[in-house]
Amino acid sequence: MFTAAEFGNDFLWGVAMSALQNEGAPDTDGRGPSIWDSFSKLRGKIKDNSKPWPACDFYYRYKDDLMLAKGLGFTIFRFSISWSRILPEGTGRVNKEGIAFYHKLIDECLLLGLTPYVTLYHWDLPQALEKEGGWASYHILKWFGRFVTICTEEYGDKVKDWIVLNEPMGFTSLGYMLGKHAPGKKNLNLFLSAIHNAALAQAEGGRIVRSIVSKAHIGTTFSCSEVMPYTNKPADVAAARRVDILLNRMFIEPALGRGYPQEEGFILLDKLHMQNKAWKYTDRLKFDFDFIGIQNYFAITVRHSPIIPYVHASEIKAITRKVPHTALGWEVNAESLYRMLKKFWLYGGVKEIIISEGGAYFKDKLVNGVINDIERIQYFNDYLQAALKAKKKGINVKGYFAWTLTDNFEWNEGYKARFGLVHVDFKTQLRTIKNSGYWWRNFLIHK
Ligand code: GAL
């Protein structure tokens, strides 16, 4: 066993959530529609046909939920700002009530001794901007720049810790190539443009925060997954390399000033480079982040598969391989978190790593008011142990933020996939702390 004290006194212990997944109140106080409002209205896009409201009603219950975060022993609260509350049309008119809401939320965090970590973009683009091309449009740089400027000018005196983007590979691939997330597009050219615009926005956003907020601590987050070849055959190994580029390297490498990855015979990348030749932005893609956020939800195993376009790789699922997995079928492999931390650290140039999300969905059973989610407890135990190992080996891991405080709207999975430390009855909004929540509390108060 290990203790929280072993991570050091300055280690950052947090919980994370996002605006769209928690707030609800879609039409309240002048909020404009986001791409997820529209997407969820299309039949079949969200598994349980649900909408991102009322979600956890966080817009009205934030005080209670912050008390829960505090009560469980956390000292960091990570949340995102809904762009559609601040700028209902994405550009133009600023909505004073939206501005006021985040002032109240930040003030309440500070009052309780919770340090706010604010994510500027966690996947909920204003619908009005999607009509103009969304992340596939070059204008996003101008639109996002304005949003970042407004947020940092408003809150920069109180908030020092800023996260520019949440998982750019997540929202560009799921939203513009695979069609599983809003805005539901499946188009290679849109995907490549979205990648480039997001990579630029990540760096430009960082520069804006730096110029406006004194003593800012600026980061951005990356999804990552260790990619293993199914066999040692050269074709499988090459397939794993291609998937690794897509899942792990596309955004960190330009941020570090290396430009986009190169790989012989990977046509998708060639296309990206062809566009980038015209763009010639390698320098603008670079930004000296104070920290990076690592979000590692699963490891994957792939093999060569000629029928899959562009990547020529397909996944052999954890269930098929009979290895431990979550209720979403995601491979559980804590050692693989350790290896991912090492991979990002070995680039050189990364100053600090925060595990800005970590958590899992297992089927919870509420029995007589108790949720004994032992699998989730084991999960946190193992993943924290891997983080501690990385730290002891000299990798500068500075924090761990659990995903997530309360069960919430899990994107296209709807409300079924519950990641919370606190159970939510979505009919009554009743909160019940799961045993994993109590486990965290014990872990953190005995520091
Ligand atoms: C992340 C995402 C979160 C949350 C989590 C669990 O990729 O940033 O919003 O949904 O996955 O699936």
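Trainee: Which of the 13 residues around the ligand come nearest?
Mentor: Q21, H122, N166, E167 and E410 do; a residue is near a molecule if one of its heavy atoms lies within 4 Å of it. The model is predicted, so local features need pLDDT of at least 70 and side-chain atom pairs pLDDT 80 or more, while totals for chains, interfaces and linings use all residues. Residues are numbered from 1 along each chain as its sequence is written, and side-chain values use heavy atoms, without hydrogens and water.

Trainee: What makes the approach of Q21 to the ligand a polar contact?
Mentor: The term requires a pair of N or O atoms within 3.5 Å. A polar side-chain atom of Q21 is 2.8 Å from a ligand oxygen, so the pair qualifies. H122 also qualifies, with a side-chain N or O atom at 2.8 Å from a ligand oxygen, as does E410 at 2.6 Å.

Trainee: How much of the ligand does the protein bury?
Mentor: It buries 94% of the 300 Å² that the ligand exposes when taken alone; these areas come from the Shrake-Rupley method with a 1.4 Å probe.

Trainee: Why are strand 6 and strand 8 said to pair?
Mentor: Strands are DSSP runs of E, at least two residues long, numbered from the N terminus. Pairing needs at least two bridges; strand 6 and strand 8 (residues 300–304) have 3, in the parallel sense, so they pair. In strand 8, I300 is the bridge partner of V227.

Trainee: What is the strand order of the open sheet?
Mentor: The order is 6-8-9, with mixed pairing. Strand 6 (227–229) and strand 9 (313–315) are the edge strands, each pairing on one side only.

Conventions:
Helix = DSSP H or I, 4+ residues; strand = E, 2+ residues; numbered from the N terminus. Polar contact = N/O pair within 3.5 Å; in protein donor to acceptor, adjacent residues only side chain to side chain.
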